[in-house]
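User: I should like to learn how to read the features of a model that holds more than one chain. Could we begin with the contacts inside a chain?

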Amino acid sequence: MQGIILFALLASTYLMVIAKRTPALIRSFRYQSLCLFAITFIIALTQREPDLYIVAGLLFTLKVSLIPYLLYRIIRKIKVNEDLGLFINPQLSLFWALVFTYLSWIFASYLVSANNAILTGTLAIAFFVVLAGMFLMIFRMTALAQIIGLLVMENGLFLFASTVSGGMPFFVEIAIFFDVFVSVLIMGFFVYRINKLFTHIDVNKLSRLKG
Amino acid sequence: MAIFIILGIPLLLAIGALFVRRERLFGIINCFGYFLVLCASAAIFKETAFAGHIKAFSNFIYLDLLSAVFITVISVVAFAAALYSIGYIRKDIEQKIISERKARFYYLLFNLFCFSMFCVPAVNNLGLLWVAIEMTTLISAFLVGFYNSKESVEAAWKYIIICSVGIIFALLGTILFSYAFSISGLSKSLNWSDMVPVAHILDKNILRIAFIFILVGYGTKAGLAPMHTWLPDAHSQAVAPISALLSGVLLKTAIYAILRFGIIIIKSGELAYFTHLMILFGVISLVISSGFILVQKDLKRLLAYSSIEHIGIISIGFGLGSPLAIAGAILHVFNHAVAKSLMFFGAGNIVRVYKKHNMNAIRGVIKALPFTGIMALLGVFALTGFAPFSIFISEMMIIMAAFTNGSYLIAALLLLCLGVIFGAFIFHFGKMLFGNLPKGMTVIGEPLSGKLAFLFLFFLICGVGIVLVFKNKDLLWLAQRLLQG
């Protein structure tokens, strides 16, 4: 079961890498968060830890519902071109994503000494998700895509933490959730401002400060 | 007990900023608040120096000498910035740059920013340390984009994005540390005070990888090159008192985080690894920044690049690792914070009067603003390491440590870069400070609170520089205790 969900998570990440328009990117982000929620929920069921139920609940309310909703709202409000503005076309992006998957596999098998295929696989996927988020942040031009890239990286880290060390201590987990939510709010606020001042959200064209 | 004053007062003041309607009155209250914080931090410093560590709040808060040093540095600069803010914000309102309401918003953010910075050295849990550092980014982004111009919003966006990505890597490193901790068969914990005693049994390979992530992640926030690209933008666009806080102490809180993890690495027996990485990043920062300083045209960006240079020196100092070098580095943290704040206050006054950042267009500052001009002149000498001032002593200690360690190449590079930077600073500031008054400009009076802030900082620069010549044994004793945890 867990394997299937992990596979779905991987697939949703590939979908994000090849997405051309912002709504598609947000939708795939929602799928990814949903997979993450499912994994956490299953772990909570098997381990019977009340803390994990709360974490799973927070994951659902924040990352599956609230944050995608906020991002959709921003798109509706600012009414800019929905194209992501790719520096690298989808085919080449997919190629790089495959390379990243392989690299994360090597990294994961270096990190896990024992012969544990499931743990290694999960680690590899988690690390790949972090790299994919980084890729989105660098090679997509709009400010919104950068926010989503950051969230994707954070999702990868969440998976990483819950597999390698059985999650962070409970209050740290809560604090990090709060932090991510606040950072999305603040970045969204800045996207509004950028749109108001520059009449676009193309970060590649933000180049007034040099040297 | 004093730690509750330090964390409580900024929070109370933040709430107060919402309710007190007269911003001038509130500025004075603010200043008194930070004076109390300064006294409390001195008390903590004294307590930790003699009694070892303090734990409070069921292990939530853990203070040792290292945290006490950083808390003291933060409170000194915060007090000076609060003092300087009174006059600066008043002028902004008089010139209709901001409204009264926005001034209250400024004080709210100022206090929240200080609160989040005070949290960094106070918390014990490494996950909460991460949260506190991310909070400093999020709050100060508003202060960078405060004037809402195209440039400042651009700077704020770059700042928030680059630092958030960097800090995500730091979280990855933190998780790897906790992984190393959990596979060694110990119960789940992220408390620093639990990790240090068992550092020697942790898996060294994982610790090494984890520290790379930590160094890149928090190094972004600390402004180590080549991750420094957000820094000149953010520092040049922020409100002047905030530039001082950003450059003087925000960078240092990230250095503090690196040191916390560095101590675990050193205790696990990987001193050489720590040394090499810190020196590598330090040297890169020093070389890159000295190039940019040489060709810089913008006044505030010049000071920002100088911060990268000093962070490089601090990182080399901690990297060298001998007691002399660590004493020098910790002293340099303090000295740079004080001297750089002085310079940013000066730059703030200059930019307000001349209404531009371009150094080629600014002439005759000493005639237009006699007090600020003279303070800036002395500040330049202090910042570039001239003799009676305190930075001279800390730089000297680091260079001496490099020679006694046998790292001649690093000592030579340090001396070369410091020479280049000294020349560049004298050249840039010489042109600006002297010369004739531009047409249509008269001598301008300065507010008392601003002058007091300058004098307070200048007193510290001189005082520390002169006192330490006679007290160097105590300083070495402190440095030896510093990295013991």
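Analyst: In chain A, 70% of the contacts with a separation of 6 or more are between residues 24 or more positions apart. Please keep in mind throughout that this is a predicted model.

User: Which secondary structure does chain A have?

Analyst: Chain A has 7 helices and 0 strands. Along the sequence the pattern reads α-α-α-α-α-α-α.

User: What radius of gyration does chain A have, and what would a compact globule have?

Analyst: A compact globule of 211 residues would have a radius of gyration near 17 Å, and chain A agrees with this because its own value is 17 Å. The C-alpha trace of chain A spans about 50 × 35 × 35 Å along its principal axes. Of its 211 residues, 44% are buried.

User: How should one read the packing of two helices?

Analyst: Two packed helices are described by the angle between their axes and the distance between the axes. In chain A, the axes of α1 (residues 2–18) and α5 (residues 117–139) come within 10 Å and cross at roughly 15 degrees. Angles under 35 degrees count as roughly parallel, and therefore α1(A) is roughly parallel to α5(A). The crossing of α1(A) with α5(A) is left-handed.

User: Which residues make the contact between α1(A) and α5(A)?

Analyst: From α1(A) the contact includes Leu6(A), Leu9(A), Leu10(A) and Met16(A), while α5(A) contributes residues including Ile125(A), Phe128(A), Val129(A) and Phe135(A). By class, this contact has 11 nonpolar, 3 polar and no charged residues.

User: What does the same reading give for chain B?

Analyst: Chain B has 19 helices and 2 strands. Its radius of gyration is 21 Å, close to the 23 Å of the globule rule for 485 residues, so chain B is as compact as a globular protein of that length. The C-alpha atoms of chain B fill a box of roughly 75 × 55 × 45 Å along the principal axes. In chain B, 61% of the 485 residues count as buried. Among contacts in chain B between residues at least 6 apart in sequence, 80% join residues at least 24 apart.

User: How is an interface between chains described?

Analyst: The size of an interface is often given as the accessible area lost when the parts come together. Here the description rests on residues in contact: 33 residues of chain B are in contact with 34 residues of chain A. On the chain B side, the elements giving two or more residues are α5 (126–144) and α6 (150–183). The largest share, 18 residues, comes from α6(B). By class, this side of chain B has 19 nonpolar, 7 polar and 7 charged residues.

Note on methods: Residues are numbered from 1 along each chain as its sequence is written. Chains are lettered from A and ligands numbered from 1 in the order in which they are written. This is a predicted model: local features need pLDDT of at least 70, side-chain atom pairs count only at pLDDT 80 or more; totals for chains, interfaces and linings use all residues. Two residues are in contact if their C-beta atoms, placed from the backbone, lie within 7 Å. Helices (H or I, at least four residues) and strands (E, at least two) are DSSP runs, numbered from the N terminus. Ala, Val, Leu, Ile, Met, Phe, Trp, Tyr, Cys and Pro count as nonpolar, Asp, Glu, Lys and Arg as charged, and the others, Gly among them, as polar. Axes are lines fitted to C-alpha atoms, for helices over the stretch in contact, and angles run from 0 to 180 degrees between N-to-C directions. Angles under 35 degrees count as roughly parallel, over 145 as roughly antiparallel, 65 to 115 as roughly perpendicular and the rest as oblique. A crossing is left-handed if the near helix is turned anticlockwise from the far one by less than a right angle, and right-handed if clockwise. The radius of gyration is taken over C-alpha atoms; the globule rule is 2.2 Å times the number of residues to the power 0.38. A residue is buried if 20 or more other C-beta atoms lie within 10 Å of its own, exposed if 12 or fewer, and partly exposed in between; C-beta atoms are placed from the backbone.
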